[in-house]
Amino acid sequence: MTTALPPRAARRCHNALNPLHSTLYFSPDLDREFTALGFTDASAMRLAARSAALGAVGAGTVAATFYNYSHDLLARHLPAVWETASPAEVLEARLRTADATLRRLLGDDAVASPEMAEAAGLALRATEACTRHARPLYSANADLPVPEEPHLAYWHAATLLREHRGDGHLTALLSAGLDPVEALVSHTATGKGMAPRWVLGSRGWRRADWDAAVERLRERGLLDADGELTESGTALRADLEEHTDRLDSAPYEHLGAAGVERLTELGRGFLFAAAAAGAFPADLGGKG
């Protein structure tokens with residue numbers, strides 16, 4: 001039985017959980033764990049960490065499932081990364097990274113708190129209503145066992161909910177006619193995405209690719225001469241999120257309004273603590 005939620009309640013909950021999952025990709029603990037496996041390239045480490053649930057895949061599969069990464073970047077590292085460490089070894093290192101990162105950012109008391117156990121239970125309950133069809137990254141991660149420790153179970157559930165929404169978001173991007181770089185440019189233009197230098201550095205695109213996407217969006221009337229979203233561009237990005245909300249509603253409707261509100265409250269508490277502890281680079285966001 002589903003329960004009607006307040007407008008955007010599911011998105012607010014996602015926004016509380018998703019960044020805590022993402023601390024992994026900015027964590028020095030990831031570099032330490034993956035260097036111990038034999039990795040020497042930061043991009044290879046992070047690509048392996050996110051794609052390992054899919055198995056020993058190549059660049060084509062990851063380009064399709066990640067959507068906004070340059071195939072040239074992916075081909076430099078995939079499938080070669082699996083010669084350094086197997087997907088199983090990478091997944092074990094990923095979980096060790098999550099453990100070390102959460103303990104460092106939140107502290108052992110928060111990790112062992114009743115609130116963490118409650119958050120893990122709520123997030124896992126939400127995942128019961130996630131669906132596998134047309135959701136490759138979610139489905140691959142859903143095949144992994146749920147960790148026993150509450151903070152790792154919470155991180156695992158946040159991963160499932162993140163990838164479930166993300167897989168649906170790709171459908172929305174395709175429907176809106178945004179290619180990978182256009183999706184990145186328009187998201188940055190909202191002021192909520194990563195700054196261009198972070199996008200270019202992590203996704204493997206060149207500045208020329210970015211500039212060409214800006215020009216295409218201007219031709220569509222979505223960006224103005226200053227690179228800001230026009231009224232049409234703002235509406236398109238809003239429609240994208242609403243479309244994604246509809247595709248991602250089931251887990252939160254299953255959890256119910258009270259559960260979503262409580263999970264959002266708990267998630268924000270953990271997220272704010274992590275951010276205050278330096279989980280994210282100071283210059284990660286912005287339009288410049």
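Tyr 67 sits in the loop between α4 (59-66) and α5. In this predicted model, its phi is positive, at about 75°, although Tyr 67 is not a glycine. The residue is buried, with a relative accessible area of 11%. That value falls under the 20% cut-off for burial.

A second non-glycine residue with positive phi is Arg 8, where the angle is about 65°. Arg 8 is found in the segment before α1 (9-22). Its relative accessibility is 46%, so Arg 8 counts as partly exposed. Arg 8 also takes part in a network of salt bridges. The other members are Arg 11, Arg 165, Arg 237, Glu 241, Glu 242, Asp 245 and Asp 248.

The backbone also contains a cis peptide bond, which joins Leu 78 and Pro 79. Omega is about 5° at this bond. Pro 79 belongs to the loop between α5 (71-77) and α6 (81-84).

Salt bridges were searched for across the whole structure, and 27 were found. Side chains of opposite charge can pair when their charged atoms come close. Asp 29 provides two examples. One is its salt bridge with Arg 32, in which the closest N and O atoms are 2.9 Å apart. Both residues lie in helix α2 (residues 28-37). They are 3 residues apart, about one turn of the helix. The two partners differ in exposure. Asp 29 is buried, with a relative accessible area of 6%. Arg 32 is partly exposed, at 46% relative accessibility.

The other example pairs Asp 29 with Arg 104, again through the side chains, with an N to O distance of 2.9 Å. Asp 29 lies in helix α2 and Arg 104 in helix α7 (residues 87-106), so this salt bridge ties together parts that are 75 residues apart in sequence. Arg 104 has a relative accessibility of 40% and counts as partly exposed. Asp 29, in contrast, is buried.

A further salt bridge joins the side chains of Arg 132 and Asp 143, at 3.1 Å from N to O. The pair links distant parts of the chain, 11 residues apart. Arg 132 is in the loop between α9 (114-127) and α10 (136-142). Asp 143 is in the loop between α10 and α11 (150-176). Arg 132 is partly exposed, at 40% relative accessibility. Asp 143 counts as exposed, at 57%. The value for Asp 143 is over the 50% cut-off.

Helix α7 also takes part in helix packing. Two packed helices are described by the angle between their axes and the distance between the axes. For α7 and α11, the angle is about 115° and the axes are 10 Å apart. That makes α7 roughly perpendicular to α11. The crossing of the two helices is right-handed. On the α7 side, the contact is made by Arg 94, Leu 95, Ala 98, Asp 99, Leu 102 and Arg 103. On the α11 side, His 151, Leu 152 and Trp 155 contribute. The residues of this contact divide into 5 nonpolar, 1 polar and 3 charged.

Ala 88 is another residue of helix α7. Ala 88 is partly exposed, with a relative accessible area of 48%. Its C-alpha atom is separated by 30 Å from that of Cys 13. Ala 88 and Cys 13 are 75 residues apart along the chain.

Cys 13 reappears among the contacts of Thr 264. Thr 264 lies in helix α17 (residues 257-276). Neighbours within four places in sequence were left aside. Thr 264 is then in contact with Ala 9, Arg 12, Cys 13 and Ala 16. Thr 264 is buried, with a relative accessible area of 7%.

Methods
Residues numbered from 1 in each chain as written. Predicted model: local features only at pLDDT ≥ 70, side-chain atom pairs only at ≥ 80, totals over all residues. Heavy atoms only, no water. Salt bridge = Lys/Arg side-chain N within 4 Å of Asp/Glu carboxyl O. Helix = DSSP H or I, 4+ residues; strand = E, 2+ residues; numbered from the N terminus. Buried < 20%, exposed > 50% of the residue type's maximum accessible area, 1.4 Å probe, protein only. Axes fitted to C-alpha atoms, helices over the stretch in contact; angles between N-to-C directions. Parallel < 35°, antiparallel > 145°, perpendicular 65-115°, else oblique. Left-handed = near helix turned anticlockwise from the far one by under 90°. Contact = heavy atoms within 4.5 Å. Nonpolar A, V, L, I, M, F, W, Y, C, P; charged D, E, K, R; others polar.
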